[in-house]
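Please open the model in your viewer and keep the selection panel at hand. The stops below are meant to be followed in order, each with something to select and a note on what is found there.

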Amino acid sequence: MDQMISSPTQQALRRAVVDLGSNSVRLVIYEGEGRNPLQIFNEKAVLRLARGMTKTGRLDDAAMTQTETVLHRYAAIARAMGAVPFDVLATSAVRDAANGAEFVQKMMALIPEMRIKILSGEQEAELSAEGVLCGIPGAEGILADLGGGSLELIRLDAGKVGRAITLPVGVIRLADRSGEDLVKARAIVTAELETVPFANEAAGKDLYVSGGAFRALARIHIAQTGYPLNMVHHYTIGREEARDLAGVVSEAGRKLIERMPGVPRRRIEDLPFAAVILRRLLRATGAARVVFSANGLREGWFIRMLPEHIRAEDPLLAAGRDLTRGIIRDANLPPALVDWTAPLFPAETSAQTRLREAACWLSDIGSHEHPEYRAEQAFLRVLRQAGIGLDHHARAFLALTMALRYEAPPDAAFLAPARTLLDMHATRRAETLGIALRLAYTLSAGTPHLLAGTALTISAERLTLSLAETNGVFAGEAVLRRLERLAQMLGLEAETTLR
């Protein structure tokens with residue numbers, strides 16, 4: 001009997017988008033309609049369409065030929081993966097070039113499934129901002145989205161998109177305008193930033209940076225410092241660290257940059273100019289921190305496609321639900337766990353409550369793993385998950401909580417990244433929650449019905465576990481041992497009662 005193979009039409013909804021930039025052309029295909037965009041394909045070609053455009057005013061001929069070839073490939077991929085028609089978002093190079101519109105018309109005629117939109121500077125800025133807010137919904141400060149042809153600056157006010165401006169200082173254009181002289185480049189960027197009316201509104205706040213050249217700077221810093229999580233998204237460094245990084249890269253020659261750890265080879269030419277821009281931005285804005293974002297234009301495009309009720313979801317909680325979809329044994333248990341664990345944390349902040357709720361959703365993530373490896377597998381899956389709504393603190397907290405939920409030895413070597421990223425208070429809280437979740441699953445067998453026959457209370461220096469006599473739950477050796485361990489974490493005496 002022939003094996004049946006599902007076709008793309010039988011699979012979850014897929015959407016494809018191409019970012020046609022000044023430096024590179026990238027195809028991304030997303031699957032589903034989750035609050036955290038799920039990429040199932042990502043391919044980039046560095047073609048440098050804007051090369052020489054400052055002098056000629058036109059797209060580079062050789063790069064246009066290469067772009068045509070690449071777009072034909074991307075169309076074939078989108079077609080094969082069931083993601084047509086697809087959108088192409090053309091940015092600075094195409095909108096500014098004298099032959100940009102002509103090139104677009106030619107491409108649309110050659111590839112009918114391809115819808116090309118030439119974005120204005122304002123539209124590009126708005127999409128980039130929405131992409132960043134997709135993963136950092138409460139962002140406060142200024143977003144700097146750096147491309148090959150332009151730099152978009154957008155004021156972010158507590159998660160709202162404010163004023164925006166486009167400056168002609170993308171890494172390729174800046175190199176062209178300055179004749180590849182970094183001293184001239186500094187002067188050009190300084191003069192351009194002086195035209196930004198809201199630049200100083202980020203003083204003491206965050207500077208969010210997006211774009212491949214900025215991300216390459218983050219990778220260098222991650223490698224140099226031995227940071228325990230090799231993820232650019234949400235990577236955050238202080239003002240002085242960022243200034244030092246930019247200073248070192250802008251003053252290093254090509255040979256030295258090539259020897260730096262973590263340097264993407266295709267970004268070597270761009271890095272000195274990206275560093276100059278970053279340092280000038282720090283001076284102009286007075287930002288206290290730099291937060292790197294892997295999100296931008298494409299994620300902004302994706303989030304606009306979602307229904308409003310999905311867009312309104314909390315990305316952290318959505319990530320917890322999405323990661324355990326199809327794994328969790330009873331979807332009614334996590335909300336019950338949220339209530340069950342609440343008495344253990346009476347003074348928690350709203351941010352801590354969100355983390356606890358996310359942990360409850362993730363708490364059954366190891367149910368399908370081999371028993372000997374559940375703790376480590378759960379830890380790694382959570383720490384390295386693709387969810388964009390998790391900053392590095394949240395990843396570390398949730399991963400450590402899951403490891404303790406599956407009774408990982410507290411001194412296990414694989415826990416080191418989380419322990420490095422968390423302070424003592426957060427570590428203690430994660431361990432307490434993990435132990436509490438372990439006790440909850442021991443009592444309930446992962447079912448809300450059995451959990452409902454139990455409750456935890458704290459009073460008079462005691463942690464009391466009450467059990468309903470007729471609910472099929474009893475205080476066996478495993479329950480008493482885990483209750484005692486939880487009480488020790490809280491500095492309390494343990495007791496059990498029947499009700």
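## Starting at Asp181

Begin by selecting Asp181, which is partly exposed, with a relative accessible area of 30%; bear in mind throughout that this is a predicted model. The residue sits in the loop that runs between helix 6 (171–178) and helix 7 (182–193). Add Phe273 to the selection: although 92 residues separate Asp181 and Phe273 along the chain, their C-alpha atoms are 9.5 Å apart.

## Helix 6

Next, select helix 6 itself, where six of the eight residues are buried, so the helix is largely enclosed by the rest of the structure. The buried residues are Val171, Ile172, Arg173, Leu174, Ala175 and Ser178. To see what encloses them, display helix 1, helix 3 (92–96), strand 6, helix 7, helix 8 and helix 11, against which the buried residues of helix 6 pack. Just after helix 6 comes Gly179, with a positive phi of about 65°.

## The domains and the core between them

Now colour the chain by its domain assignment, which gives domain 1 (14–119), domain 2 (122–298) and domain 3 (314–498). The C-alpha centres of domain 1 and domain 2 are 23 Å apart, and the contact involves 25 residues from domain 1 and 20 residues from domain 2.

Which residues have the most contacts inside the largest nonpolar core? Select Leu153, Leu207 and Phe214, which hold that place in a core of 87 residues. Helix 11 (residues 271–285) gives the most to this core, contributing nine residues. Because domain 1 and domain 2 both give residues to this core, it lies between them. As a general background, nonpolar side chains tend to be buried together in soluble globular proteins.

Centre the view on Leu207 and leave aside residues up to four places away in sequence: Leu207 then touches Ile142, Ala144, Leu278, Leu281, Leu282, Ala287, Arg289, Val290 and Val291. Apart from this core lies another, of 64 residues, with Ala394, Leu398, Leu443 and Leu450 among them.

## The largest pocket

Turn from the packed regions to the open space. The largest pocket has a volume of about 1100 Å³, and its lining consists of 48 residues, of which Arg26, Arg215, Ala294, Asn295 and Arg298 lie nearest its centre. A selection of those five residues is therefore a convenient way into the pocket, since they are the lining residues nearest its centre. Which elements supply at least two residues each to this lining? They are strand 2 (24–31), strand 3 (39–46), helix 5 (121–135), strand 6 (141–146), helix 8 (212–225) and helix 12 (297–305). The largest share, five residues, comes from helix 8. Colouring the lining by class shows 14 nonpolar, 21 polar and 13 charged residues.

## The second largest pocket

Move on to the second largest pocket, in which about 660 Å³ of space lies. Of the 32 residues that line this pocket, His234, Asp391, His392, His393 and Ala394 lie nearest its centre. Domain 2 and domain 3 each provide at least three residues of the lining. For the secondary structure, display strand 9 (206–210), strand 11 (289–293), helix 14 (315–323), helix 16 (350–362), helix 18 (392–405) and helix 20 (424–444), each of which supplies at least two lining residues. By class, this lining divides into 16 nonpolar, 10 polar and six charged residues.

## Backbone details

Finish with the backbone at three places. Select Val84 and Pro85, where the joining peptide bond is cis, with omega near -5°; Pro85 lies in the loop between helix 2 (61–80) and strand 4 (86–90).

Then select Arg48, in the loop between strand 3 and helix 1 (53–56), which has a positive phi of about 55° although it is not a glycine. Is Arg48 buried or exposed? At 14% relative accessibility, Arg48 counts as buried.

The last selection is Ala445, in the loop between helix 20 and helix 21 (448–451). Ala445 also has a positive phi of about 55° without being a glycine, but at 54% relative accessibility Ala445 counts as exposed.

Key: Residues are numbered from 1 along each chain as its sequence is written. This is a predicted model: local features need pLDDT of at least 70, side-chain atom pairs count only at pLDDT 80 or more; totals for chains, interfaces and linings use all residues. Side-chain values use heavy atoms; hydrogens and water are left out. A nonpolar core is a set of buried Ala, Val, Leu, Ile, Met, Phe, Trp, Tyr and Cys residues joined through side-chain atoms within 4.5 Å. Buried means under 20% relative accessible area, exposed over 50%, partly exposed in between (1.4 Å probe, protein chains only). Helices (H or I, at least four residues) and strands (E, at least two) are DSSP runs, numbered from the N terminus. Domain bounds come from an automatic or database domain assignment. Contact means heavy atoms within 4.5 Å. On a 1 Å grid over the protein atoms alone, a cavity is a set of points where a 1.4 Å probe fits but cannot get out, and a pocket is an open set with protein on both sides within 12 Å along at least five of seven lines; lining residues have an atom within 4 Å of a point. Grid points are joined across faces, edges and corners, and a volume is the space filled by probe spheres set on the points. Ala, Val, Leu, Ile, Met, Phe, Trp, Tyr, Cys and Pro count as nonpolar, Asp, Glu, Lys and Arg as charged, and the others, Gly among them, as polar.
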